[in-house]
Amino acid sequence: LVGTKSEKLGKLKKKIELIKNCDLKKNATNLVFADGNSSAKIMIIGEGPGANEDIQGKPFVGRAGKLLDKILIAIGRSRNKDVFICNVLKCRPPNNRDPLSTEVKECEPYLKHQINLIKPKLIVALGRIAGKTLLGVDNSLKSMRGEIHNYYDIPLIVTYHPAALLRNPNWKPQAWKDFKWIKSIIES
């Protein structure tokens with residue numbers, strides 16, 4: 001691929017749009033490729049698009065996305081300025097179910113390509129599904145949190161998904177601790 005990061009990301013998006021044999025894509029309203037700055041230091045990765053994301057074609061635009069935006073602003077970041085956001089899956093699973101391992105396997109090469117193009121200083125996996133996909137493990141969120149993992153020589157941190165924080169507000173202090181840590185890593 002020749003061109004700028006944005007052009008390369010555009011070509012990758014077009015390539016995914018042309019896929020014909022994907023059951024998830026057949027049932028989706030829109031492809032949810034990514035949002036944010038292609039020169040971002042932080043790459044945030046969720047598991048898959050929800051209903052609002054499917055409608056708008058952008059990741060993290062519902063209630064969880066609004067909470068994520070508030071958290072990012074609180075650490076001096078913004079999806080428009082210095083964060084790149086995407087999901088493991090590029091299309092919404094039916095009824096917001098967890099991604100199937102076969103779906104993850106089909107979408108993961110595109111995610112890896114996005115990561116290789118962005119070259120972030122830090123990857124933040126939101127939730128257990130994103131964490132276990134990127135780390136290639138089947139561990140609990142608790143066991144993945146609190147340490148810096150290595151994803152092809154890029155530091156990776158796993159923290160709570162904003163949707164989980166909306167369901168369980170008592171987890172917000174731990175998530176805030178994680179994001180303060182993320183800020184300190186990026187600013188070091």
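Hi everyone, let's begin with one residue, His161, which lies in the loop between β6 (154-159) and α8. One thing to keep in mind as we go: this is a predicted model.

So, is His161 buried or exposed? His161 has a relative accessible area of 15%, and because the cut-off for buried is under 20%, His161 counts as buried. Leaving aside residues up to four places away in sequence, His161 touches Phe60, Ala64, Leu126 and Gly127.

Let me pick up one of those contacts, Phe60. You'll find Phe60 in the loop between α3 and α4. Phe60 is buried too, with a relative accessibility of 5%. Its backbone deserves a look as well: phi of Phe60 is positive, near 55°, and this residue is not a glycine.

His161 also takes us to the pockets. Which residues lie nearest the centre of the largest pocket? They are Glu47, His161, Ala163, Ala164 and Arg167, out of 28 residues that line the pocket. Four elements give two or more residues to that lining: α3 (51-56), α4 (63-74), α6 (128-135) and α8 (162-167). The volume of this largest pocket is about 660 Å³. If you sort the lining by class, you get 13 nonpolar residues, eight polar ones and seven charged ones.

Now for the second largest pocket, which has a volume of about 200 Å³. Here 13 residues form the lining, and Ser101, Val104, Ile129, Lys132 and Thr133 are the closest to the centre. Two helices, α5 (101-118) and α6, each supply at least two residues of this lining. Which element gives the most? That is α5, with four residues. By class, the lining of the second largest pocket has five nonpolar, three polar and five charged residues.

You may have noticed that α6 came up for both pockets. Let's stay with that helix for a moment. The buried residues of α6 are Ile129, Ala130, Gly131, Thr133 and Leu134. What do they pack against? Their neighbours are β2, α5, β4, α7 (141-144), β5 and β6. After α6 comes Gly136, with a positive phi near 65°.

Several of those neighbours are strands, so let's turn to the sheet. It is an open sheet of six strands, in the order β1-β3-β2-β4-β6-β5, and the pairing is mixed. At the edges stand β1 (35-36) and β5 (149-151); each has a single partner strand, so one side of each is left without a neighbour in the sheet.

Further in, look at β2. How many of the residues of strand β2 (residues 42-46) are buried? Five of the five are, so β2 is largely enclosed by the rest of the structure. Ile42, Ile44 and Gly46 point one way from β2, while Met43 and Ile45 point the other way, and all are buried.

What about the strands that pair with β2? With β3, β2 runs parallel, and five bridges join the two. One bridge you can trace on screen is Ile45, whose partner in β3 is Cys86. With strand β4 (residues 122-126), β2 also pairs in the parallel sense, this time over four bridges. There, Met43 has Ile123 as its bridge partner, and Ile44 has Val124.

Two more loops before I finish. Arg97 sits in the loop between β3 (83-87) and α5. Its relative accessibility is 28%, which means Arg97 counts as partly exposed. Not counting residues up to four places away in sequence, Arg97 touches Leu24 and Glu103. With Glu103, there is a polar contact from side chain to side chain, at 2.6 Å. Arg97 and Gly50 are 47 residues apart in sequence, yet their C-alpha atoms are 9.3 Å apart in space.

The other loop is the one between α5 and β4, where Lys119 lies. Lys119 has a positive phi, near 50°, and is a residue other than glycine. Is Lys119 buried or exposed? Exposed, at 61% relative accessibility.

To wrap up, let's go back to where we started: His161 is buried, and His161 is among the residues nearest the centre of the largest pocket. Thanks for listening!

Terms used: Residues numbered from 1 in each chain as written. Predicted model: local features only at pLDDT ≥ 70, side-chain atom pairs only at ≥ 80, totals over all residues. Heavy atoms only, no water. 1 Å grid on protein atoms, 1.4 Å probe; cavity = no way out; pocket = protein on both sides within 12 Å on 5 of 7 lines; lining within 4 Å. Points joined across faces, edges and corners; volume = space filled by probe spheres on them. Nonpolar A, V, L, I, M, F, W, Y, C, P; charged D, E, K, R; others polar. Buried < 20%, exposed > 50% of the residue type's maximum accessible area, 1.4 Å probe, protein only. Contact = heavy atoms within 4.5 Å. Polar contact = N/O pair within 3.5 Å; in protein donor to acceptor, adjacent residues only side chain to side chain. Pairing = 2+ DSSP bridges.
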